[in-house]
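Visitor: I've got a model open and would like to go through it with you. Shall we take it piece by piece?

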Amino acid sequence: METEWPPLSPLQTGLKGRCPQCGQGHMFNGFLTLKPHCEVCGLDYAFADPADGPAFFVICFACVPSVLLGVWLEVQYSVPLWVHLLVTGPFMLATCIPPLRPLKGWLVASQFFYKAEEGKLARLP
Ligand SMILES: [Zn+2]
């Protein structure tokens, strides 16, 4: 018997790391590793392939504040290298690592919600 699940917002389920089908089970097994399936509804996560999507978004958007901080420190104060290692480096880690998991969850949930998959050629009979 197959249970009907109401459509859930990929943003709400994905950002929390919840199953995109039932919204109750957990999507992750560790920090970024996906579970093989949902422990509540049994949804197989084999469809999920966000590839480099989370890293792309982090590189494009989350790195900007740390680059601006490093450039500002260098241009304004001409700080030595050790200041960048102690200030800019940890700031970069703090702005880039935490968004990876919610972004991956959101991309996987969106992939499920919009039934996105690899493109296939349609052949005429
Ligand atoms: Zn589930």
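Guide: Sure. One definition before we start: helices here are DSSP runs of H or I with at least four residues, strands are E runs of at least two, and both are numbered from the N terminus. Keep in mind that this is a predicted model.

Visitor: Over residues 79-97, what are the helix and strand shares of the chain?
Guide: The UniProt entry, which is unreviewed, lists this stretch under "transmembrane region". Its end C-alpha atoms are 25 Å apart. As for the chain itself, it comes out at 84% helix and 0% strand.

Visitor: And what about residues 55-73, how much helix is there?
Guide: That span comes from the same UniProt listing of "transmembrane region". The end C-alpha atoms of residues 55-73 lie 25 Å apart, and strand accounts for 0%. Helix makes up 100%.

Visitor: What span should helix α4 have, going by its number of residues?
Guide: α4 covers residues 100-113, which is 14 residues. The rule is 1.5 Å times one less than the number of residues. Its end C-alpha atoms are 20 Å apart, which agrees with the expected value of 20 Å.

Visitor: Which elements help cover the buried residues of α4?
Guide: Buried means 20 or more other C-beta atoms within 10 Å of a residue's own. In α4 that goes for Leu103, Lys104, Gly105, Trp106, Leu107, Val108, Ala109 and Phe112. What covers them includes α1 (10-16) and α2 (53-77).

Visitor: Is lysine 115 buried or exposed?
Guide: Lysine 115 sits in the segment after α4, and its phi is positive, near 50°, in a residue other than glycine. A residue counts as exposed if 12 or fewer other C-beta atoms lie within 10 Å. Lysine 115 has 7, so it is exposed.

Visitor: Where is serine 78, and is it buried or exposed?
Guide: Serine 78 is placed in the loop between α2 and α3 (81-96). Its phi is positive too, about 50°, although it is not a glycine. With 8 other C-beta atoms within 10 Å, serine 78 is exposed.

Visitor: How many Å apart in space are glycine 30 and cysteine 96?
Guide: Glycine 30 is in the loop between α1 and α2, and it is exposed, with 8 other C-beta atoms within 10 Å. In sequence, glycine 30 and cysteine 96 are 66 residues apart. C-alpha to C-alpha, their separation in space is 18 Å.

Methods: Residues numbered from 1 in each chain as written. Predicted model: local features only at pLDDT ≥ 70, side-chain atom pairs only at ≥ 80, totals over all residues. Contact = placed C-beta atoms within 7 Å. UniProt positions renumbered as here; feature names shortened; annotations may be inferred.
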